[in-house]
Amino acid sequence: MKIKKRNSKLHAWGILISAFVLIWSFAFVIGPWIQHHIPIVDQIFKIAEAQDINTNAYFYTEIEASYDGAQYLHESVKLSAPDEAGFTWPSILCILFCIVILGLGWRYLPLD
Amino acid sequence: MAEDVGIVKDVGKWEWSELWKKEDWWAVWLGFFLLIAGIMVYFPHTGEMQAKLQKVEAQYSEQAQRTDKLKTIAWYQLSDAKKKVQALKSSTGKWLKKFTGKPHKWTNNPFDAFFKSKEKADAQKEKAIVKYEKKHAVEKEAFEKAQAAEKAAEAAGFSDDSLNADARAAITGWRDAKLAAGKAKKKTTAKGYNQIGYLIGLGIFFAFFFGIGVAGMGQSLGKFLTGFIFVFLITLLAWLAANQATMKLYGIGYAAWAILFGMLISNTVGTPEWAKPAVQTEYYIKTGLVLLGAKILFEKIIVIGTAGIFVAWVVTPTVWFLTYWFGQKIVKMPSKRLNATICSDMSVCGVSAAIATASACKAKKEELTLAVGLSLVFTSIMMIVMPMIIKATFPVDKQLILGGAWMGGTIDATGAVAAAGAFLGEKALYVAATIKMIQNVLIGVIAFFVALYFTTKVEAAETGVKVGPMEIWYRFPKFVIGFIAASIIFSLFYSYFNAQIGGLGTTMVDKGVIKGMSDLYRGWFFSLSFVSIGLATNFRELKEHFKGGKPLILYFFGQSFNLCLTLVVAYIMFYVVFPELTATI
């Protein structure tokens, strides 16, 4: 019984260590191999690195490009198409449209 | 009864003691504690920031607005100078960034994530300076060309289309060179660091920060503090893996590692009993979500005009509903909560939306794990495949804006959107990142809708009890109130500051309280929750949820529909309905 328990513990630790070895091999062997053998992957990664883009950011506030992009686009619209800037009637209509879709969803989504 | 394991349920009656006995309320108190701390740190600098912005405006504004035919050099200089005015650059802001810093990027030696000597930093700096000097020379040359082209266009009163086009091209060339030089310059500021002391301090701070709530809820503080050491160490390990150079490039972030490490431990050697009191998934998640609420700023949705709102705010809920319907009626998903979580995850913005929705509909931990896993896998694939498709099939003149909008509306994670956009060019990067940002604002709306729908419809159908207004209040996940309140309050602050002077909202809110306080903690809280999810997830149960590959079918259908609808709508909006707006980009 004791031996069985010890074996199962060893087995568990074995799996855990193997998993970490696999992760290590992705970081140092498989990942770089894919990068160097698929040109587009290498290109995208090089651009992301040169531009200092945090590729694993989940939310917009985690990357500088979101702030820069928003400011650039907002100022562009304000400069060349000022009538389109800010809360215009069509933009308000879009928001209302979204609320209507949500309302319809709340009413008609299937419960079964 | 077994079904209830891993779900946080609100009792169907109101008691005032809930305010200090329920984790939902503790999440609101702790979240707002940090937000108020952020306000106290940054808002006293308002006058100083306003003065800086006024100075910048006085310097460049007149020159910047000489013409609306093209964006002049001064227009960009104004924009660049405004970007540099940030409340978080105050001394307290800098200290907070250091204190809450995650392990740094490393390539071969994991110790580099925690410690870098001054000598090593200096050596890196020297290398970076050589690279920067080369790029700076290119930038200087491009700037001179841009100046000459702009002068020629101005001499003709900006009325010669050909000269304007030449100036535009030369200025774009200068911007690209400047962007490259700017990024290279950043690397010349490499400094040595020792993060170990800060990380120990942060761990202790978090232990007591959450410990107060744990004690308030009547649980043992001592047991929590002991268990927290284990949870925090696994969280550190997740950040260490996420910041390994290769993993970082592949976009495999902390969420994936936190879940994976947690699951590996719990399903092999087992989660130690003494660590279990600190495995508090919902508590960490909900606190992080209240902080996330402050980032949902409604004014953001108008930055790219109606076209952007339509693509993000009309397509997204349409895709959500159709996919949910498909999941219930065609795929016959066994869990409505898993269905809803996958729908948000796929149609809104991946991990953040999945967390918000799963908490709002009280999904199981395994359901959130599955949804996040699907999102991470598809994000990595789409980040590489979509720019390839755009390059190969889109007309050249539509690659940047249409391609950018398409990727921004469909790829789940912001980092992946940015990387894929940057591959096509700066304009594509900006359009993609902005569409994603507008879509991110929808998280709050969708989370509120999901909470309301599950409270009033799904739970009512499950229990067979018709719910009245008071019952809705009893059952409603209260942290959603904190999430929405934070969003409304900070949206009002943002608009208030912007009304004083353009750009002050970004300076004080975005690049103040949000980036300088809320963001610093939110990432940690979510990673603590993902570690907890992993430590409490059983492979067998996870396998059960994946039965028949239904979640995969659902995600695949939803994302395919999303790709088609977003492309069609983006084309119609940017090139048929608002072509003048598109021309300004």
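A polar contact is a pair of N or O atoms within 3.5 Å; within protein, one atom must be able to donate a hydrogen and the other to accept it, and residues adjacent in sequence count only if both atoms are side-chain atoms. This is a predicted model: local features need pLDDT of at least 70, side-chain atom pairs count only at pLDDT 80 or more, and totals for chains, interfaces and linings use all residues. Residues are numbered from 1 along each chain as its sequence is written, chains are lettered from A in the order in which they are written, and side-chain values use heavy atoms, without hydrogens and water.

**Exercise 1. Describe how the two domains of chain B meet.**

Step 1. Find the bounds, which come from an automatic or database domain assignment. Domain 1 of chain B is 18-71 + 91-117 + 194-585, and domain 2 is 118-191. Their centres, taken over C-alpha atoms, are 33 Å apart.

Step 2. Count contacts (heavy atoms within 4.5 Å). Nine residues of domain 1 of chain B touch 16 residues of domain 2 of chain B. Those two domains share eight residue pairs in polar contact, both at pLDDT 80 or more.

Step 3. Look for salt bridges (a side-chain nitrogen of Lys or Arg within 4 Å of a carboxyl oxygen of Asp or Glu). The rule finds three between domain 1 and domain 2 of chain B. Separately, the side chains of Arg66(B) and Glu154(B) form a salt bridge at 2.8 Å, N to O.

Step 4. Sort the residues on the side of domain 1 of chain B that touches domain 2: one nonpolar, two polar and six charged. Here Ala, Val, Leu, Ile, Met, Phe, Trp, Tyr, Cys and Pro count as nonpolar, Asp, Glu, Lys and Arg as charged, and the others, Gly among them, as polar.

**Exercise 2. Describe how chain A meets chain B.**

Step 1. Take the contacts. 72 residues of chain A are in contact with 110 residues of chain B.

Step 2. Take the buried area (accessible area, 1.4 Å probe, that two parts lose on being put together, summed over both). Chains A and B bury about 8,400 Å² between them, 71% of it on carbon and sulfur atoms. On the chain A side, Tyr58(A), Tyr60(A) and Tyr72(A) lose the most area to chain B, together 11% of what that side buries.

Step 3. Turn to charges. Six salt bridges cross the interface of chain A and chain B. Lys511(B) and Glu64(A) join their side chains in a salt bridge at 3.0 Å, N to O.
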